[in-house]
Amino acid sequence: MTHSVLHINASARHQDSVSRKLSAQIVQHLNPAETVERDLAHGVPLLDEVWTQATFTPPNDRTVAQAQALAYSDTLVAELLAADTIVIGSAMYNFNIPASFKAWIDQVMRAGVTFAYTENGPKGMLEGKKVIVALASGGTPIGSEFDFATPYLKFALGFMGITDVTVLDSDGTTALTKAA
Ligand SMILES: Cc1cc2nc3c(=O)[nH]c(=O)nc-3n(C[C@H](O)[C@H](O)[C@H](O)COP(=O)(O)O)c2cc1C
């Protein structure tokens, strides 16, 4: 049963966006007790020097500037931690995910927070979550050799411990059946 959904949208379009419409239908279908909306279309900050230095600094030793640099990332990570299901509506741009969506992944991929380096190599810390991606493309078939979005998403999410990832193409009927 889905209790808490994080609903992310990454298409630059609002009107006529196939992925937004489909991801909204999936959330409605899941009927969660709580939904948090995160729209990436207005931009996500790119990582800079202060941000990267901050992540290598223990929380109690961070400067005010470093803490401020991580504040947005902390918010995105908290949204991710709180959700048991993450529903993502994304366009395919240039055979991959939109840059804003990649920037979101950069913001939440945090050593010691969403994954850890262990004696046995890196280990994801977000196990037990489910991700459903409604991925809309124009001519590139989802799952084809030119779809670099699907393998990248599965690997990046898996790196954080999220291995239950379903990527649906923009066929709405199929998508809702598979999301059930
Ligand atoms: C900048 C840009 C790049 C695109 N690149 C691709 C692409 O590489 N492959 C593809 O099949 N469609 C591509 N498209 C088409 C979109 O994936 C398609 O219109 C999709 O429906 C967009 O998602 P949306 O309807 O949620 O906005 C591109 C569209 C734009 C605007």
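In this predicted model, the largest pocket holds about 200 Å³ of space. Its lining is made up of Leu47, Trp51, Thr52, Thr55, Phe56, Asp106, Met109, Arg110, Ala111, Phe115 and Tyr117. Sorted by class, the lining of the largest pocket comprises seven nonpolar residues, together with two polar and two charged ones. Two elements of secondary structure, helix H2 (49-55) and strand S4 (115-118), each contribute at least two residues to this lining. Helix H2 provides the largest share, with three residues.

Attention can now turn to the ligand. The ligand is surrounded by 15 residues, of which Ser11, Arg13, Ser17, Ser19 and Met92 come nearest. By class, this shell consists of eight polar, six nonpolar and one charged residues.

Several polar contacts can be followed atom by atom, and they are handy places to begin when viewing the ligand in the structure above. In serine 11, the side chain places an N or O atom 2.6 Å from an oxygen atom of the ligand. Serine 11 is also one of the residues that come nearest to the ligand. For threonine 140, the partner is a polar backbone atom, which sits 2.7 Å from an oxygen atom of the ligand. The backbone is likewise involved at valine 18, where an N or O atom lies 2.8 Å from a ligand oxygen. On its own, the ligand has 630 Å² of accessible area, and the protein covers 71% of it.

The backbone itself offers a further point of interest, in the loop that runs between strand S3 (85-91) and helix H4 (99-108). Asparagine 94 belongs to this loop, and its phi angle is near 50 degrees, a positive value in a residue that is not glycine. Phenylalanine 95 lies in the loop between S3 and H4 as well. The phi angle of phenylalanine 95 is also positive, near 70 degrees, and here too the residue is something other than glycine.

How exposed are these two loop residues? Asparagine 94 counts as exposed because its relative accessibility, 70%, is over the 50% cut-off. Phenylalanine 95 has a relative accessible area of 43%, which falls between the 20% and 50% limits, so phenylalanine 95 is classed as partly exposed.

Methods: Residues are numbered from 1 along each chain as its sequence is written. This is a predicted model: local features need pLDDT of at least 70, side-chain atom pairs count only at pLDDT 80 or more; totals for chains, interfaces and linings use all residues. Side-chain values use heavy atoms; hydrogens and water are left out. A residue is near a molecule or strand if one of its heavy atoms lies within 4 Å of it. A polar contact is a pair of N or O atoms within 3.5 Å; within protein, one must be able to donate a hydrogen and the other to accept it, and residues adjacent in sequence count only if both atoms are side-chain atoms. Accessible areas come from the Shrake-Rupley method with a 1.4 Å probe; for residues, only the protein chains shown count as cover. Ala, Val, Leu, Ile, Met, Phe, Trp, Tyr, Cys and Pro count as nonpolar, Asp, Glu, Lys and Arg as charged, and the others, Gly among them, as polar. On a 1 Å grid over the protein atoms alone, a cavity is a set of points where a 1.4 Å probe fits but cannot get out, and a pocket is an open set with protein on both sides within 12 Å along at least five of seven lines; lining residues have an atom within 4 Å of a point. Grid points are joined across faces, edges and corners, and a volume is the space filled by probe spheres set on the points. Helices (H or I, at least four residues) and strands (E, at least two) are DSSP runs, numbered from the N terminus. Buried means under 20% relative accessible area, exposed over 50%, partly exposed in between (1.4 Å probe, protein chains only).
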